[in-house]
Amino acid sequence: MSQYQEKATVSRVEQLSAKNYRLTLDSPDISGAAKAGQFVMIRTGLAKDPLLRRPFSIHQTSANGQLQIYFKVVGRGTDMLARVKAGEIMSVFGPLGRGFRIKKNSPAIIIGGGLGIAPMLFLAKSICRLKTDCSNDHIILGGRERSEVEPLVNDFRQFGLRLGLATDDGSYGHQGYVTDLLKSLELHSEYTVYACGPEPMMARVYSICKSGSMQCQVSVESVMACGMGACLGCSRMTKKGTYTHVCLNGPVFNAEELIWNS
Amino acid sequence: MEFVDNREDIFPDLRVNIGSLEIANPVMTASGTFGYAREFENLMNLHRLGAVIVKGISLHPRPGNPPPRIVETACGMLNAIGLQNVGVDRFISEKMDYLAGLNIPVIVNILGDSLAEYREITERLVGVPGVAGIEVNISCPNVKKGGVAFGTDPSMAAAVTKAVKESADVPVMVKLSPNVSDITLVARAVEDGGADSISLINTLIGMAIDLKTRRPVLANVIGGLSGPAIKPVALRMVYQVASSVSIPVIGIGGIETTEDALEFLLAGASAIQIGTANFINPRVSEEIVEGISKYVVDEKLPSIRSIIGGLSINDG
């Protein structure tokens, strides 16, 4: 398991909607080692404030050593990140954590909600590369409204998978939840469902998977200081009654290992 | 072709003495910020460290606090990890072999709820290969009983020191809490209790509130503040303690750069510990060793020891 602290040059900053951005970084060591579902810790500035790196799932990597993150401006760190310019150098640490465990012989349903869409592009790419037959695989993307989904759709179309789209307000695709679209599929226990999104979404996805005896992997979020198992800040309770750590044992977990509210 | 002028200034004298323990350079990693060292093996050269202080160990395993356990604050962070650790027996059987093989001094941070617990952990560590010292945590603010009282009451602090010292077969360093009105009273008490050295400061107790939910951010309500925000307080306390005891002092608190480390040495610290900065740059401690080395060469110092306590105070 190789991890790198890399000085990455920003090659592109795209504003995809009012608050959502995509950053492309030249980061050959990290992008070369990364697997779908893993994350990086990025220092948003070199000053003492904000102090900590921020965790971002890897949106996608490319063969020429580039790595992308997709994020929303929610606070000081992401606000600084949204203002970086092409050519600037950022300190990136990764790849970190355990990514998705792709089941080669199982048809896939990839579900991304809101910012949870971020790691799913890398996953869809990896699945299509690993599997010879993707004809039974699905991608479902959802968000509160159009701007959370539409800007990313073209990137997902390239794989030729069946694509379902949903927004809460109906401004784009199906009006409702990604779980409505999941339930509308002819589900059977052979499917593996890979999901990332808000906690209530993942809880509902898991409960559908559970009743359909489908395997379900989820990528969860947590605050963390180090991203590598030193601070122990990113604890999450498991069904066994012990804490697990999102940075080391996740961020991708088998949903059945975790406790879900509601 | 250019040749490097490689005389002894390539290997400047960085050795410092922490009582009977001589370490190769004054840079240590602080407990709770460096795991059990192995987490960092691919990210830095562990052999460059003066010493490694491992995650605090209790007699029995502790699960730690519910999340959220950390929150970033201005120039710092609050943590309420809750002393999560594997317990002394698993520490010895699972972690110590690797640590002993590093060939750098390993200092084991210990914590307990009672004098008997401190004594028992110390006894279990007697004779364990690779343990070069014990650091006694009497100051962690996160556990509701025990910890706080020991660190804030001079007589209790002395009693813990004595209990550990009586059982230990290695030098004992006592880590002080800054959450007291006069830290020199506690420092002198642990010196009288037999401590071989004193490290300070542990985290300052703090709090963060989420205005939207009107709730504390940390599930534990309060947590320990660390990072560059606390450096001035730490420097002041190191200066005060170094001026009032005769045993070596190890400075901790917000050290992120070589300059920070050198300031602590001037204030009277014989060595320093890097804490929160490990989270941001896992290689920072090695970089500070390199920086101190360069400083000794550039300033043509006979050794790094020559600046310890070298602060000039003009009373005029």
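In strand β15 of chain B, Gly251(B) is the bridge partner of Leu200(B). That single pairing is a friendly place to enter this predicted model, and we can work outwards from there.

## Around strand β10 of chain B

Leu200(B) sits in β10(B), which covers residues 197–200. Strand β10(B) runs parallel to β15(B), residues 249–252, and 3 bridges join the two. On β9(B), residues 172–175, the pairing with β10(B) is also in the parallel sense, over 3 bridges. Here Met173(B) has Ser197(B) as its bridge partner.

How do β9(B) and β10(B) fit together with helix α5(B)? With α5(B), residues 183–192, they make a right-handed β-α-β unit.

Now look at the directions in which the residues of β10(B) point. Ser197(B) and Ser199(B) go one way, while Ile198(B) and Leu200(B) go the other, and all of them are buried. This fits a general pattern: in a regular strand the side chains alternate between the two faces of the sheet.

Ile198(B) turns up again in the largest nonpolar core, which has 176 residues. Together with Ile134(B) and Val238(B), Ile198(B) touches the most other members of that core. Domain 1 and domain 2 of chain A both give residues to this core, so the core lies between them. Setting aside neighbours within four places in sequence, Val238(B) is in contact with several residues, among them Leu200(B), Gly251(B) and Phe264(B). Look back at the pair we started from: Leu200(B) and Gly251(B) are bridge partners.

## The sheet in chain A

Let us move to chain A, where 7 strands form an open sheet in the order β11-β10-β9-β8-β12-β13-β16, with mixed pairing. Which strands of chain A are at the edges? They are β11 (174–175) and β16 (252–254), each of which pairs on one side only.

Strand β12(A), residues 192–196, is a good one to follow. Because 5 of its 5 residues are buried, β12(A) is largely enclosed by the rest of the structure. Thr192(A), Tyr194(A) and Cys196(A) point one way from this strand, and Val193(A) and Ala195(A) point the other way.

The table lists three strand pairings from this sheet.

| Strands | Sense | Bridges | Residue pair |
|---|---|---|---|
| β8(A) and β12(A) | parallel | 5 bridges | Ala108(A) and Thr192(A) |
| β12(A) and β13(A) | parallel | 5 bridges | Thr192(A) and Gln215(A) |
| β13(A) and β16(A) | antiparallel | 3 bridges | Gln217(A) and Asn254(A) |

Thr192(A) is the bridge partner of Ala108(A), and Thr192(A) also stands opposite Gln215(A) in β13(A). To get from β12(A) to β13(A), the chain crosses through helix α6(A), residues 199–211, and this β-α-β crossover is right-handed.

## Two domains and two chains

The domain assignment of chain A gives domain 1 (4–96) and domain 2 (108–219). Their centres, taken over C-alpha atoms, are separated by 24 Å. Where the two meet, 13 residues of domain 1 are in contact with 12 residues of domain 2. On the domain 1 side, the elements giving two or more residues are β5 (60–61) and β6 (66–72) of chain A, and β6(A) gives the largest share with 3 residues. By class, the residues on this side of domain 1 divide into 6 nonpolar, 6 polar and 1 charged.

Between the chains, the contact takes 23 residues from chain A and 28 residues from chain B. The chain A side has 11 nonpolar, 7 polar and 5 charged residues.

## Less covered spots in chain B

Is Pro129(B) buried or exposed? With 11 other C-beta atoms within 10 Å, Pro129(B) is exposed. Pro129(B) lies in the loop between α2 (115–125) and β8 (131–137) of chain B. Val284(B) is 155 residues from Pro129(B) in sequence and 28 Å away in space, C-alpha to C-alpha.

Ala100(B) belongs to helix α1(B), residues 88–100. This residue is partly exposed, with 14 other C-beta atoms within 10 Å. Beyond its neighbours within four places in sequence, Ala100(B) is in contact with Pro129(B) and Gly130(B). The C-alpha atoms of Ala100(B) and Val128(B) are separated by 9.2 Å, and these residues are 28 residues apart along the chain.

How values were computed
Residues numbered from 1 in each chain as written. Chains lettered and ligands numbered in written order. Predicted model: local features only at pLDDT ≥ 70, side-chain atom pairs only at ≥ 80, totals over all residues. Domains from an automatic or database assignment. Contact = placed C-beta atoms within 7 Å. Helix = DSSP H or I, 4+ residues; strand = E, 2+ residues; numbered from the N terminus. Nonpolar A, V, L, I, M, F, W, Y, C, P; charged D, E, K, R; others polar. Core = buried A, V, L, I, M, F, W, Y, C linked by C-beta atoms within 7 Å. Buried ≥ 20, exposed ≤ 12 C-beta atoms within 10 Å, placed from the backbone. Pairing = 2+ DSSP bridges. Right-handed = clockwise from strand over helix to strand, strands pointing away.
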